[in-house]
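Biologist: I'm new to reading models like this one, and I'd like a close look at a single part of it. Could you pick a place where pieces pack together, start there, and then show me how the rest can be read in the same way?

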Amino acid sequence: MCEMGRTLRRRKWLKAQQACINQHKKSYQQLFSWLRSNGFTMITKLKPALFKDTGRGLMACESVSAGQVIVSLPRNLLITSETVKRSYLLPLLQLYNKELTPEETLSIFVMCEKARGQKSPWLQYFDIIPEFYSTPAYFSQEAIKELPYSLQENVQIQICCLQRSYQKLKGLLLQIENFFPEVKGQLTFKDYRWAWFTVNTRCVYLRAACKGENEGSFALAPFLDLLNHSSHVQVKAGMNQENNCYEIVTLTPFSKYSQVFINYGNHDNRRLLLEYGFILPSNPNDIIQFSSEEIKCAFEKYDQLHVTDEKLSFLRERKLLSMGCSQEGMTWNLVAALKLLSVRKHSREFWNMVVYEEVELSQQEQKKVAECARFILVNKLKEYEKKAVPKKKSYENLRESFHVRLAQALCREEQNIILKILKELE
């Protein structure tokens, strides 16, 4: 019955996604027409399509070879800080006495252009951008509770940062509304959150070699941002100085009718969900971090010398408190901490030798390392098991239900990593 329910929900989701593609078909046609009128040429034939695993993406209409340019976007179609400085916003930005980050600058411009509607020269681009994102900052409090505890903290920090940023900009936004009545009432925190995530989830990095840009600048790239992420592909990206286009060259071949991917970077699932709003099954870059409190709990249980704080201070001094595990097993830092925990000799010089593998542990100490590892892993597993308990609750809408399933999927991925390592320790 449960499996049938999941299948039915999946069909409803796919149907909704297909309806979204069909609804935006005209918008895509208008986007391509607008791109072409501004100098864009489709080097590799790609088109928007619906895919089972990722939803909307770009499909190859022909075979794509490694080394082939898949997208070449003229510089005038990039939205950068230079674009903002050349816009109607410049006089107001110059009067503003607070320093803006590149993300804030682009977010203000995106929010204003969206609000201008038909008056915006970027209308065709903003028409195909989703109205909502699946990042946890859009989750209800119920959905946030389904996330791992440490990630819940990161979500709250991100939301607070967004709120502080908006409060900082309120005076400037009020001035913009006064000078441009067409945007009045459309520069709320909700609008700013949407603009900020539009920038955060879709922008590309511009290196210093790009003409007219400073190192570390960002750009929104229409059409290019329809490409989804895969950790199994490799690409080269940057400005082609000869034709003044931002280009992506794939180093991975794609067959006809398959989805074409790019690589956002070596991100674990928590980072992908927090910043982009999705996770990858069996993500090879996934890593589960243990908090200092979790490590301290293990130290207090197994440290026979009762010098837990001193040992933790020793690890902190050597920047070894970033501990976790991945599909490859426990990280070097975690193993080093467990070794330190297992030894009884109270000598910092000896601890240093233990951590940097200059002495060999006795069989008894090695056994203790495995025992402590199991304790930490089992404790972590309990957190996921609590969240795995079925909840007899109906959610307010399909979006909230999707957010909850996304959070639960992340927990299952991390749970599988813990179980794999525990099995290897048997």
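Modeller: Happy to! Let's start with helices α5 and α8, which lie oblique to each other because of the angle at which their axes cross. Please keep in mind that this is a predicted model. Helix α5 covers residues 102-116 and helix α8 covers residues 149-179; their axes cross at roughly 45 degrees and come within 12 Å. Angles under 35 degrees count as roughly parallel, and those from 65 to 115 as roughly perpendicular, so a crossing of roughly 45 degrees is neither. The handedness of this crossing is right-handed.

Now look at the side chains. From α5 come E104, I108, M111 and C112, and they meet S165, K168, L169, L172, L173 and I176 of α8. Sorted by class, this contact has seven nonpolar residues, two charged ones and one polar one.

You can use the same steps elsewhere. Two packed helices are described by the angle between their axes and the distance between the axes. Try it on α13 (residues 332-342) and α15 (residues 363-387): they pack with axes 9 Å apart, at an angle of about 120 degrees. That angle makes α13 oblique to α15, and the crossing is right-handed. On the α13 side the contact is made by L334, L338, K339, L341 and S342, while α15 brings E365, K368, V369, C372, A373 and I376. Here the classes are seven nonpolar, three charged and one polar.

One more pair is α11 (residues 292-302) with α12 (residues 308-317), whose axes cross at roughly 135 degrees and come within 9 Å. Again the angle makes α11 oblique to α12, and the crossing is right-handed. I295, K296, F299 and E300 of α11 meet T308, D309, K311, L312 and L315 of α12. This contact divides into four nonpolar, four charged and one polar residue.

Next, the strands. Strands of a sheet pair through backbone hydrogen bonds, either parallel or antiparallel. One open sheet has three strands in the order β3-β8-β7, paired in the antiparallel sense. Its edges are β3 (69-74) and β7 (235-240); each has a single partner strand, so one side of each has no neighbour in the sheet. From one strand to the next, the twist averages 15 degrees. Six bridges join β7 to β8 (residues 245-250), and A237 has I248 in β8 as its bridge partner. In the hairpin of β7 and β8, four residues lie between the strands, and N244 takes a positive phi near 60 degrees.

Another open sheet has four strands in the order β1-β2-β9-β6, with mixed pairing. There β1 (46-51) and β6 (228-229) are the edge strands with a single partner each, so one side of each is left free of a neighbour in the sheet. Strand β6 pairs with β9 (residues 259-262) in the parallel sense over two bridges. In one of these places, H229 has I262 of β9 as its bridge partner.

Finally, how far should you trust what you see? The mean pLDDT of the protein is 88, and 89% of its residues reach 70 or more. Confidence is highest in helix α9 (residues 189-202), at a mean of 97, and lowest in helix α1 (residues 2-23), at 52. Over residues 210-215 the pLDDT is below 50, and this stretch has 16 contacts in the model beyond near neighbours in sequence. Where pLDDT is low, the predicted coordinates should not be read in detail.

Methods. Residues numbered from 1 in each chain as written. Predicted model: local features only at pLDDT ≥ 70, side-chain atom pairs only at ≥ 80, totals over all residues. Heavy atoms only, no water. Pairing = 2+ DSSP bridges. Axes fitted to C-alpha atoms, helices over the stretch in contact; angles between N-to-C directions. Parallel < 35°, antiparallel > 145°, perpendicular 65-115°, else oblique. Left-handed = near helix turned anticlockwise from the far one by under 90°. Contact = heavy atoms within 4.5 Å. Nonpolar A, V, L, I, M, F, W, Y, C, P; charged D, E, K, R; others polar. pLDDT = per-residue confidence, 0-100.
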